[in-house]
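Dear colleague,

I am sending you the structure we discussed, together with a written account of what was found in it. Please read the account with the structure open beside you.

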Amino acid sequence: MASDPSTRPSKRHRKGHDEESEKRSAEKVGEGSPTSGKSPLVVFAHGARAPSSSEWMIRWKKMLGEALGAVEVVTFDYPYISGGKRKAPPKAEKLIDYHLEVIKSALLKHPGHPLVLVGKSMGSRVSCMVASAGDVSISTIVCLGYPLKGMNGSVRDETLLKLTIPTMFVQGSKDSLCPLDKLEATIKKMKCMSNLHVIDGGDHSFKIGKKFLESSGSNQDEAERNAVKAILDFVIKVIKGN
């Protein structure tokens with residue numbers, strides 16, 4: 001799939017959010033779904049250290065479900081962390097089969113709905129690996145805090161460069177696991193349509209420091225709402241274009 005230069009990479013979304021645009025997008029969801037057709041099915045994978053029951057996952061599940069008008073937002077725990085276990089995560093490649101089983105089960109429950117894969121950190125990387133495998137039809141991928149930098153500091157861009165499915169990135173500008181210059185360079189090389197929304201001052205989980213909030217005059221809730229709005233706009237564009 002050819003890259004879409006109009007969406008890649010995007011300018012950073014800052015204060016001064018377009019309220020009228022947000023209202024129009026909300027009205028589209030009110031019509032039934034962002035696509036004015038079948039509501040999207042979202043499968044949302046957690047990060048390496050926190051399960052689907054974490055406060056962060058619960059909050060983002062609710063925000064995404066409401067914004068996208070999803071038929072369901074499916075969350076799950078990878079086996080290494082399920083049932084309250086706290087084992088070290090295995091290599092991401094070893095989680096692909098289980099992730100795929102969850103997706104296929106969700107598709108059986110909601111056949112015909114556009115499939116959106118969302119992942120937090122490690123979960124976004126596994127989502128991209130699942131998409132590259134090509135075993136299921138996926139409309140788009142949303143990466144929340146993609147861990148581009150490996151433990152040894154190397155750039156792990158191989159999975160992203162294989163993608164042919166439209167991919168959205170939401171990143172904190174102070175995320176040490178994903179330097180923005182490295183991600184922007186990777187996006188330029190990707191084959192697929194892609195977009196980047198930056199949460200200024202945000203860390204790997206989008207948490208913005210108090211001093212940055214005070215100096216910028218913004219707030220955490222506003223920053224996260226703007227990120228969700230950017231995700232909604234991307235999903236609408238992708239699914240309506242298919």
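The notes below begin with the chain as a whole and then turn to individual elements and residues.

**Overall architecture**

Please keep in mind that this is a predicted model. The chain contains eight helices and six strands, and along the sequence these follow the pattern α-β-α-β-α-β-α-β-α-β-α-β-α-α. Of the 242 residues in the chain, 53% are buried. Among contacts with a separation of 6 or more, 77% are between residues 24 or more positions apart.

**Strand 1 and its partners**

Strand 1 (41-45) is largely enclosed by the rest of the structure, because five of its five residues are buried. In a regular strand, side chains alternate between the two faces of the sheet. For strand 1, both of these faces are covered: Leu-41, Val-43 and Ala-45 are buried on one side, and Val-42 and Phe-44 are buried on the other.

Strand 1 has pairing partners in strand 2 and strand 3. With strand 2 the pairing is parallel and runs over five bridges, and Val-42 stands opposite Val-73 of that strand. With strand 3 the pairing is likewise parallel, over five bridges, and here Phe-44 stands opposite Val-118.

The connection from strand 1 to strand 2 involves helix 2 (residues 55-68), and these three elements form a right-handed β-α-β unit. The 14 residues of helix 2 should span 20 Å at 1.5 Å a residue, and the end C-alpha atoms are indeed 20 Å apart, so the two values agree. The buried residues of helix 2 are Trp-56, Met-57, Trp-60, Met-63, Leu-64, Gly-65, Ala-67 and Leu-68. Gly-69 follows the helix and has a positive phi, near 60 degrees.

**Helix 4**

Helix 4 (residues 122-133) has twelve residues, for which a span of 16 Å is expected at 1.5 Å a residue; its end C-alpha atoms lie 17 Å apart, which agrees. How many of the twelve residues of helix 4 are buried? Ten are, and the helix is therefore described as mostly covered. The buried residues are Met-122, Gly-123, Ser-124, Arg-125, Val-126, Ser-127, Cys-128, Met-129, Val-130 and Ala-131. They pack against strand 1, helix 3 (96-109), strand 3 (115-120), strand 4 (140-144) and helix 5 (158-162). Gly-134 comes after the helix and has a positive phi, near 75 degrees.

**Nonpolar cores**

The largest nonpolar core has 41 residues, of which Val-43 and Phe-169 touch the most other members. Two or more residues of this core come from each of strand 1, strand 2 (72-76), helix 3, strand 3, helix 4, strand 4, helix 6 and strand 6 (194-199). Helix 4 gives the largest share, six residues. A second, separate core has 32 residues, including Leu-68, Leu-144, Leu-232 and Val-235.

Leaving aside neighbours within four places in sequence, Phe-169 is in contact with Cys-143, Tyr-146, Leu-160, Leu-183, Ile-187, Met-190, Asn-195, Leu-196 and His-197.

**Thr-186**

Thr-186 is located in helix 6 (residues 180-189). Is Thr-186 buried or exposed? Its relative accessible area is 2%, which is under the 20% limit, so Thr-186 is buried. The side chain of Thr-186 reaches the backbone oxygen of Lys-182 at 2.9 Å. Apart from neighbours within four places in sequence, the contacts of Thr-186 are Leu-148, Val-155, Asp-157, Leu-160 and Leu-161.

**Two residues with positive phi**

Most residues other than glycine have a negative phi. Two loop residues are worth viewing with this in mind. Ser-121, in the loop between strand 3 and helix 4, has a positive phi near 50 degrees. Ser-121 has a relative accessible area of 10%, and is therefore buried. Phe-206, in the loop between strand 6 and helix 7 (210-216), has a positive phi near 75 degrees. Phe-206 counts as buried, at 0% relative accessibility.

With kind regards

Methods:
Residues numbered from 1 in each chain as written. Predicted model: local features only at pLDDT ≥ 70, side-chain atom pairs only at ≥ 80, totals over all residues. Heavy atoms only, no water. Helix = DSSP H or I, 4+ residues; strand = E, 2+ residues; numbered from the N terminus. Expected span 1.5 Å × (residues − 1). Buried < 20%, exposed > 50% of the residue type's maximum accessible area, 1.4 Å probe, protein only. Contact = heavy atoms within 4.5 Å. Polar contact = N/O pair within 3.5 Å; in protein donor to acceptor, adjacent residues only side chain to side chain. Core = buried A, V, L, I, M, F, W, Y, C linked by side-chain atoms within 4.5 Å. Pairing = 2+ DSSP bridges. Right-handed = clockwise from strand over helix to strand, strands pointing away.
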